[in-house]
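Here are some short exercises to work through with the model open beside you. Try each task before you read its solution.

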Amino acid sequence: MLRSLVGSEMCIRDRYQRRVRGIEGEAMLRARAATRLPSTLRRLCSTQPHRDFDIVVIGGGVPGSCFTALLAKNPSTSGLKICVVDAGRSPTLQGELSENLDIRVSAIAPSSARILQSAGAWDPIEDLGRLAAYTTMQVWDGAGGGRICFDAEEIGEPELGYVVENGILQGALHDVLRTNSETVELLPNTRCNGVQFPSSAHPGSPAEVTVRSEGGDEVVLRTQLVVAADGWASA
């Protein structure tokens, strides 16, 4: 009889433990599902159209467009599908030439000029002569009176760099992007409304970049790499 009672007790305890483990396991599954549910529901239930790219560049100014042009020109990355999103228009070099002089300019060092040349944008600018080389530079402190001077002769170079209008730089770079339209897509007059990165539970999932055009159309760009190259008003 004692053995029977002990056996019954062990049986009851075993059933109880299995039930507890079952309840805990179910609760754990529910908790895991809850962490995935918002993202899953958003993907399944969203009516927004989506498009897939290898890289999405937010900002089509000089940094973003130069980065994209370099990728498009490099044989090892030329096959990547890239989307460039910019809130402004997409200029052309010829279009910028017909405009008044741009008061926004950049000082381009020789090393930066070589990068722009690799991107395919420097030679057209140089051929048109829409730049000005400088050989000396003086920097001074208006409050303290400090001063420092740079001279191209001191470093054995014909010039220290070049002054180029920002619109000319951007127009030449966008021309390069347009010549690579099979792999590069420009989305001008389009703003980035938000970026949703994948959770740590799904590290291989694509990021989702939601953009809205000037006409109000909204689309989700899915990508494995988001490049933030936007300025104060770029995207």
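**Exercise 1. Find the order of the strands in the open sheet and say which strands lie at its edges.**

Start with the pairing: this predicted model has an open sheet of three strands in the order β3-β7-β4, paired antiparallel. Next, look for strands that pair on one side only; these are β3 (105-108) and β4 (132-134), the edge strands. Finally, check the twist: on average, and ignoring direction, neighbouring strands are turned by 30° against each other.

**Exercise 2. Follow the link between β4 and β7, then find what packs on the sheet.**

First, count the bridges: β4 and β7 (residues 161-165) run antiparallel and are joined by three of them. For one concrete pair, pick Ala133, whose bridge partner in β7 is Tyr162. Now turn to the helices. Helix α4 packs on the sheet and touches β3 and β7, with its direction at about 105° to that of β3. Helix α6 also packs on the sheet, touching β3 and β7; its direction makes about 85° with that of β7.

**Exercise 3. Describe helix α2: its span, its buried residues and what they pack against.**

Begin with the span. The twelve residues of α2 (62-73) reach 16 Å from first C-alpha to last, close to the expected 16 Å. Then list the buried positions: Gly64, Ser65, Cys66, Thr68, Ala69, Leu71 and Ala72. Last, see where these buried residues pack: their partners are β1 (50-58), β2 (82-85), α4 (110-118), α6 (166-179) and β8 (184-187).

**Exercise 4. Is Cys66 buried or exposed, and how many disulfides does the structure have?**

Take the cut-off: buried means under 20% relative accessible area. Cys66 has 12% relative accessibility, so it counts as buried. For contrast, try Cys149: its relative accessible area of 46% makes it partly exposed. A disulfide is a covalent bond between the sulfur atoms of two cysteines. Searching the whole structure for such pairs gives zero disulfides.

**Exercise 5. Decide which parts of the model call for caution.**

Look at the whole chain: its mean pLDDT is 84, and 78% of its residues reach 70 or more. Go on to the elements: β2 has the highest mean pLDDT (98), while helix α1 (residues 2-45) has the lowest (48). Now zoom in. Residues 1-9 stay under 50 and have zero contacts beyond four places in sequence. Residues 33-45 are also below 50, with seven contacts beyond near neighbours in sequence. Where pLDDT is low, the predicted coordinates should not be read in detail.

Note on methods: Residues numbered from 1 in each chain as written. Predicted model: local features only at pLDDT ≥ 70, side-chain atom pairs only at ≥ 80, totals over all residues. Heavy atoms only, no water. Helix = DSSP H or I, 4+ residues; strand = E, 2+ residues; numbered from the N terminus. Expected span 1.5 Å × (residues − 1). Buried < 20%, exposed > 50% of the residue type's maximum accessible area, 1.4 Å probe, protein only. Contact = heavy atoms within 4.5 Å. Pairing = 2+ DSSP bridges. Axes fitted to C-alpha atoms, helices over the stretch in contact; angles between N-to-C directions. Disulfide = S-S within 2.5 Å. pLDDT = per-residue confidence, 0-100.
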